[in-house]
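Work through the exercises below with the sequence and the structure side by side, and try each one before reading its solution.

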Amino acid sequence: MPLRVVGVDPGLTRCGLAVVDVEPNRRATLIDVRVVGTPPGTPLDQRLLAIADGIDAWLDEHKPDVLALERVFSQLNVSTVMGTAQASGVVIVAAARRNIPVALHTPTEVKAAVTGSGAANKNAVGKMVAKILRLDEPPSPADAADAAALAITHGWRGAAFGAAGAAASASGSRPAGGTSGLTPAQRAWIAAEAKARSVKAR
């Protein structure tokens, strides 16, 4: 039975949403994509309300097993970080109300998962997302492609580590069994994830 993952690329202006089903053999299929958001001049309360309404409807419609969300990074400018964090909080609460596990992944982890390189650019990620999902072109706009990449990243981990993979990944633990049988891209992603956690712990 496939693992259904909702990927979310958070943002106030554009919040990318994607639903991907990942089978135990790691075959990933895009179910739906959408971008919700508001114009920059919209009052903050209305911007967050639009995202809340959008993610509520999305989760109720697609009923995912897990939600994958991009982790906020502080090296971005403060206004961008604040907006992204606010949108992320709305998404996390929506998932929590439905008892849907939430997993946070850094951009480096996502790039490594889908391309094999944590330094890949957006164009390379988009092309690999299209290839993995067997699409003629990447989901559009780029926020939707990024959300799909997040879903693939987490879905592949769940497929790699078995049925307990999604829940264990969302909680930050790792199921037993090591990395045998993983693709080079998945092994690169796990290495990038470990490096990111090591830096965070310092």
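**Exercise 1.** Which residues are buried in helix 2?

Solution. The model is a predicted one, and a residue counts as buried when its relative accessible area is under 20%. Going along helix 2 with this cut-off, one finds V81, G83, T84, A87, S88, V90, V91, A94 and A95. The next step is to look at their surroundings: these buried residues pack against strand 1, helix 1, strand 4 and strand 5, the last of which covers residues 102–105.

**Exercise 2.** Check whether the length of helix 2 fits its number of residues.

Solution. Helix 2 has 20 residues, and at 1.5 Å a residue the expected span, which uses one less than that number, is 28 Å. The C-alpha atoms at its two ends lie 29 Å apart, so the two values agree.

**Exercise 3.** Describe how helix 1 and helix 2 pack.

Solution. Begin with the geometry: helix 1 (residues 44–62) and helix 2 (residues 78–97) have axes 9 Å apart and meet at an angle of about 35°, in a right-handed crossing. Then list the partners, among them L48, I51 and I55 from helix 1, which face a set in helix 2 that includes V90, V91 and A94. Sorted by type, the residues of this contact are 11 nonpolar, one polar and one charged.

**Exercise 4.** Find which element gives the largest share of the largest nonpolar core.

Solution. This core has 22 residues, of which V20, V129, L133 and I152 touch the most other members. Helix 5 supplies seven residues, the largest share.

Conventions:
Residues are numbered from 1 along each chain as its sequence is written. This is a predicted model: local features need pLDDT of at least 70, side-chain atom pairs count only at pLDDT 80 or more; totals for chains, interfaces and linings use all residues. Side-chain values use heavy atoms; hydrogens and water are left out. Axes are lines fitted to C-alpha atoms, for helices over the stretch in contact, and angles run from 0 to 180 degrees between N-to-C directions. Helices (H or I, at least four residues) and strands (E, at least two) are DSSP runs, numbered from the N terminus. A crossing is left-handed if the near helix is turned anticlockwise from the far one by less than a right angle, and right-handed if clockwise. Contact means heavy atoms within 4.5 Å. Ala, Val, Leu, Ile, Met, Phe, Trp, Tyr, Cys and Pro count as nonpolar, Asp, Glu, Lys and Arg as charged, and the others, Gly among them, as polar. A nonpolar core is a set of buried Ala, Val, Leu, Ile, Met, Phe, Trp, Tyr and Cys residues joined through side-chain atoms within 4.5 Å. Buried means under 20% relative accessible area, exposed over 50%, partly exposed in between (1.4 Å probe, protein chains only).
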